[in-house]
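This report looks at a sheet and at the helices that pack on it. Please keep the structure in view while reading.

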Amino acid sequence: MCFIPLRTLRLILGDQLSQSLPSLQECDKTNDWLLMAEVREEATYVKHHKKKIAYLFSAMRHFAVELRAEGYKLHYTHYEDESNTGSLFGEVQQLCESQTFERIVVTQSGEYRLHQEMQSWHQRLGIPVVILDDTRFLSSINDFKRWAQGRKQLRMEYFYREMRKSLHILMDNDQPIGGKWNFDSANRKALPKHIQIPNPTRFGPDEITQKVIALVRERFADHFGDLDDFHYATTREQALKVLDEFITERLINFGDYQDAMAHDKPWLFHSHISFYLNSGLLLPMEVIAAAEVAYRQYALPLNAVEGFIRQVLGWREYVRGLYWLKMPDYQSENFLNAQRRLPGFFWTGKTKMNCLSQCITDTKKNAYAHHIQRLMVLGNFALLAGLHPDDVNEWYLIVYADAYEWVELPNVTGMILFADGGVLASKPYAASGAYINKMSNYCQHCHYNVKEKEGAQACPFNYLYWDFLSRHIEILGNNPRLGMPYRTWAKMSDDKHQAVKRDSDIFFKMLDANEEV
Ligand code: FAD
Ligand code: DLZ
Ligand code: SF4
């Protein structure tokens, strides 16, 4: 019997820039067409940071060049094309009207909203739409569902151990290398004063990137963020160089200083690969393998290698599984009933609180902040100030070049805001100024005094921390992991309780009146 392949239109999304993408497999290069499209709907469903759009459009254009060189027939819609319909559906429809296709193939979208929309395309176009699992992740959506089924708690740590075992990563037969699964307790050092921090890997913008930068400058002028000094990788080859330089220059110190922060030093010993992993230029398994090889061949410290692998194999896969398990309800969770609107300084960095000002300024400049800045400064403030999850989620989705809802939402709703009531975290990540002072030198440059607990000069994190605990005593008071701080609160004098309330009230009044805090 003769098998005649169906003539197929294969849509490649902006965060699907991988040659190993399921929708590129079994492509008939003589008959099938690929479609990539820069469209208004995707570029503006939130007002993404200018550098995020510039990065993604440039990476898409470079990937298109690669695909054509590989012999694929590709239709590429540029943002500025006159016939651009402004939506992915519109672009698919337009191509289906000009040519005959018997089916459309796409790899499942990373975000729920687009996945939902695509499920209506078959009916709207009258052509079958095949949605393939995204095999670039190491745990499928169904694997995670199976793991979660019947469990009372969905802690990342246990998921991570299963992943280590099933993929045989950092294992000595059936035991974890080094005798422990997790070396996190060794990963909390502050940065020594004179430590040399290698510069991040940089690439000057080539002609394609320069064109995209000019386009973004003109068309997205009202979006948040700076466009100057664009130096990101925009091809797989360059992204591999970023990975390689991380492994050879920074991984050795990744573990020790993973939680450290420093004034005017946004990059530290982190890998800076999230942009590339999330858009497909790098794949998680090659990143993990590179770190494991560094451990086995070059004797890099285990706390560094395990700490890094845990982020990629553990956290990244876990949040993606949790997202698909819990959507769509997850996007409207607000367990602590937080109602305050996002303060204006999140867009400008204009606050006397130096830690916040630094993290926001870094974010505005680079569309990047490292994990502890996102978690323990910006996130901690959002939690203590009771900012509404909708506002905080939107902000995080806008400002980071690695932000896609599947990874952003669990980190914000689950990790920083405790808005899911403890599905992701066993307790809220709330901390006073002492934590920020221990892990950074921000306080040395601050208007406020981190050692003072009350009054106009006191570090706001100090009283906001206690105010947060006291506001939520009814629902958090029984949390076993908060036993110690609640006992301390109970032992404090009435005068201290009143001072916390007074200082917090003054602070919130100023914040809500848009006065500088
Ligand atoms: P490294 O510190 O070098 O870590 C290596 C890799 O591990 C990262 O590239 C990333 O792929 C993965 N990873 C580390 N932590 C996490 C995590 N908590 N969840 C998922 N993956 C993780 N990461 C995103 O990729 N996109 C986001 O939109 C995003 N939003 C966040 C929002 C908040 C509130 C918080 C607390 C964290 C968020 N993260 C997000 C996770 C983390 O902060 C970034 O992945 C990391 O800062 C990226 O920098 P890096 O590549 O230098 O990471
Ligand atoms: C983030 C983004 C942006 C800014 N622009 C585009 C685009 O023009 N075309 C496209 O295909 N994808 C874009 N993306 C990535 C998508 O938003 C992403 O594929 C979905 O959010 C699913 O993860
Ligand atoms: Fe932040 Fe408080 Fe330190 Fe200022 S004193 S940098 S507000 S922690």
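Which residue in E3 is the bridge partner of Leu35? In this predicted model, the partner of Leu35 is His75, and the two strands concerned, E2 (residues 33-37) and E3, pair in the parallel sense over 4 bridges.

That pairing belongs to an open sheet of 5 strands, arranged in the order E3-E2-E1-E4-E5 with parallel pairing. Strand E3 (74-77) and strand E5 (129-132) each have a single partner strand and stand at the edges, so one side of each is left without a neighbour in the sheet. From one strand to the next, the twist averages 20°.

Two helices that pack on this sheet are set out below, each with the strands it touches and the angle between its direction and that of one strand.

| Helix | Strands touched | Angle between directions |
|---|---|---|
| H2 | E2 and E3 | about 160° with E3 |
| H3 (residues 88-98) | E1 (8-11), E2, E3 and E4 (103-107) | about 145° with E2 |

Helix H2 (residues 50-69) can be described further: its 20 residues reach 29 Å from the first C-alpha to the last, which is close to the 28 Å expected at 1.5 Å a residue. H2, which touches E2 and E3 of the sheet, is mostly covered, with 16 of its 20 residues buried. Just after this helix, Gly71 takes a positive phi of about 95°, and strand E3, at one edge of the sheet, spans residues 74-77.

Definitions and conventions
Residues are numbered from 1 along each chain as its sequence is written. Chains are lettered from A and ligands numbered from 1 in the order in which they are written. This is a predicted model: local features need pLDDT of at least 70, side-chain atom pairs count only at pLDDT 80 or more; totals for chains, interfaces and linings use all residues. Side-chain values use heavy atoms; hydrogens and water are left out. The expected span of a helix is 1.5 Å times one less than its number of residues. Buried means under 20% relative accessible area, exposed over 50%, partly exposed in between (1.4 Å probe, protein chains only). Two strands pair if DSSP finds at least two bridges between them. Axes are lines fitted to C-alpha atoms, for helices over the stretch in contact, and angles run from 0 to 180 degrees between N-to-C directions. Contact means heavy atoms within 4.5 Å.
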